[in-house]
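Visitor: I would like a close look at a single part of this structure. Please take one sheet and describe what lies around it.

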Amino acid sequence: MSSVEIYDSTLRDGAQAEGITYSLQDKLEIAQRLDDLGVHFIEGGWPNPTNPKDLAFFEQVRALNLRARVTAFGSTRRPANAAGEDATLNTLLKAGTDSVTLFGKSWDLHVTEVLKTTREENLRLIEDSVAYLVARGREVTFDAEHFFDGCAADAGYALETLRAAERGGARVLVLCDTNGGTLPGEVARMFRAAAGAVGAPLGIHTHNDAGLAVANTIAAVDLGAAQVQGTFNGYGERCGNVNLCTVIPVLELKMGRASIGREKLAQLMDFSRFLSETANVAHDHRQPFVGESAYAHKGGVHIDAMNKDPRCYEQEDPEATGNSRRYLVSDQSGGSTVVAKLGRFFPELSKKDPAVAEVLTEVKRLEHQGYQFEAAEGSFELLARRCMGLYRDRFRPLSFHVSSRKEAEGEPEVAEAVVKVEVNGRVHHTVGEGDGPVNAMDRALRKAVEAVFPDLKAVHLEDYKVRVMSSSDGTAARVRVLIESSDGHDVWGTVGVSENIIEASWIALADSLHCKLMREEGR
C-alpha cells in the first residue's frame, strides 16, 4: 500500500480518557481542525437517545461541509432484536452520516459472558447489522473488537467474525487490540492470518496499555493495513489509544506512506497544542515529533555536535512536523550552548568571546541557587543581554507589600498589593487589588509602568507554576516560580527563586515585563 487512510477517534475514544470532556462547541471546533489537517474519517461519537450532545453534534456538523467523512459509531444489534427493529441501528441511520462504524465481538469470552448469547448468534448479529446499514446506503467499517485476544483464544472463530462482516458488505475490517496487551510479533502473525481469510481491506486499531500501540500499528501497516485508527495526543481510556501525532510522521517520514501529506504534516504540532488547550490538559512535552522537548538539546557535548551537523542528535528535521530546535541552558551547559541560544540575535558570536564565559558563569551561579532556565528563555535572554551590556532595565522594582482580606462571611477573599517602582528616576507608589497576591502585584506594577511603556498593555499571564526546591525544609523551603507570558504574538517564560513565594513571583513577574520591553527595543 502506498497510502494509508487516517481514521480519527479523538471525539469518541479520546473523550473516554480520564479527565477529558468536550463541549459540543469543542467537538465542532476540533472536527473543523481535523478536517483542515487532512484526516480521512472523523468519528463523531455514538449517537443514542441517552447522549443528546452527540446527537446534536451530528446535526450541526453538517453545516461545516467537511471534506472528511464524518462517521457515526455504534454496536451490532441486540440478540433479541431484528435489525430493522433495533434502536441502536436505527439511531445510527438518524445521524445522517454516509459512513458508519459498527463494532462486534470477535472474542468468544465476550460473546458468552458479556452478550450472553451463542457463538452462532453472534455471527448472525454481525452479518445482519452490517447488511442492514449497507442496504440503506451506508458505507460500513467493521471494528472487530478484541480481535487479537479472540484470535489467541480461538483463531478460527475470530476469523469467522471477519467473514460475517465481509458477507454483510463491510468496506473495511478493522482488527482491534482493545485490551492493548498484544506483542508486535503476535499482531503480525494474526494480521497475516486475517489477510489470508478475507478479501476486504484490513485496518488496525490499537490501545497503549503495554506501551506498544505505535509498534503494533506499524507492524500492521508493514503487512498492508489500509486504514489506521487512533487519536491525536494518544487520548483514550486507560492508557490511551495509539497516538496519531506519532504514527502519522512515522508513516510519512520513515515509511514513505502517504497519509495526510507532507504539507499538512507541518501543521501537526500546532494542532497537537490546540487539542491540549481545548481538552484543558497540559501538553505532553515529551511526545515524539510534536512535544516541546522532542528536539530540545541540553548537554554541552550534544550541542557542540549539533552546531556542526544537526544529524548528530536528531532523527528528523523538527520543522517537518511544525516543531523547532531548542538549546537548553543549565549547569550542564558549555560555551556552545550559549552561542547556539544567542546565535539568532548575534550570529557572529564566538565561544571565545569573553561575554560568553561571563554569561555561562552567571547561569551556573543562579542555577546553584535554584534557578532553571530551560522553561524560562525570557529570563535567560535578559540575563545574557544584561551581562553583555545590551539591555538596561527600563524600570526598577523597589519594594512590595501584599495582604489579603475577607470582607464578610461567604464573600471571596481579596488580595491587595502596594508596590514602589522607579521609572526614569521617578518613584511610583501604586496599589492594586486582585484575585490573589500575584494578580494584585501585577495590577499594581502595571499602574506604575504602563503609562510610560504602553506596549506592556498587550502582555498577559498565560501560566503560573510553583516548584518547591527542597521539601525537607518544610515551609522555609526555597521555591521556584515560572511564569509564562504572551503579547498575543510571542510567548516567553521567566523565573524567580526565593524562600518567599511572593518575592519569587515578584522577580518572575518583573522579568516578564522587562522581556517585552527588551524585545520591543530590539525591534
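Guide: What follows goes through one sheet, the helices packed on it, a cavity and a contact between two helices.

The model is predicted. The sheet is open and has three strands, in the order 11-12-13, with antiparallel pairing. Strand 11 (395–406) and strand 13 (426–434) are at the edges, and each has a single partner strand, so one side of each is left without a neighbour in the sheet. From one strand to the next, the twist averages 15 degrees. In general, the strands of a sheet pair through backbone hydrogen bonds, either parallel or antiparallel. Here strand 11 and strand 12 (residues 413–423) run antiparallel and are joined by 11 bridges. To find a place in this pairing, look at S403, which stands opposite E416 in strand 12.

Two helices that pack on the sheet come next. Helix 16 (residues 437–449) touches strand 11, strand 12 and strand 13, and its direction makes about 145 degrees with that of strand 13. Helix 17 (residues 501–522) also packs on the sheet, touching strand 11 and strand 12; the direction of helix 17 makes about 130 degrees with that of strand 11.

Both helices also take part in lining a cavity. A search of the whole structure finds one cavity of 30 Å³ or more. The largest cavity holds about 40 Å³ of space. At least two residues of its lining come from each of helix 16, strand 14 (460–468), strand 15 (479–486) and helix 17. Helix 17 gives the most, with three residues. The residues that line the cavity include D442, R446, H460, I483 and L509. By class, five residues of the lining are nonpolar, three are polar and two are charged.

Helix 17 also packs with helix 15 (residues 377–387). Two packed helices are described by the angle between their axes and the distance between the axes. For helix 15 and helix 17, the angle is about 65 degrees and the axes are 9 Å apart. The crossing of helix 15 past helix 17 is left-handed. On the side of helix 15, the contact involves G378, S379, E381, L382, R385 and R386. These meet D511, H514, C515, M518 and R519 in helix 17. By class, this contact has three nonpolar, three polar and five charged residues.

To retrace the path, helix 17 touches strand 11 and strand 12 of the sheet, supplies three residues to the cavity lining and packs with helix 15.

Terms used:
Residues numbered from 1 in each chain as written. Predicted model: local features only at pLDDT ≥ 70, side-chain atom pairs only at ≥ 80, totals over all residues. Heavy atoms only, no water. Pairing = 2+ DSSP bridges. Helix = DSSP H or I, 4+ residues; strand = E, 2+ residues; numbered from the N terminus. Axes fitted to C-alpha atoms, helices over the stretch in contact; angles between N-to-C directions. Contact = heavy atoms within 4.5 Å. 1 Å grid on protein atoms, 1.4 Å probe; cavity = no way out; pocket = protein on both sides within 12 Å on 5 of 7 lines; lining within 4 Å. Points joined across faces, edges and corners; volume = space filled by probe spheres on them. Nonpolar A, V, L, I, M, F, W, Y, C, P; charged D, E, K, R; others polar. Left-handed = near helix turned anticlockwise from the far one by under 90°.
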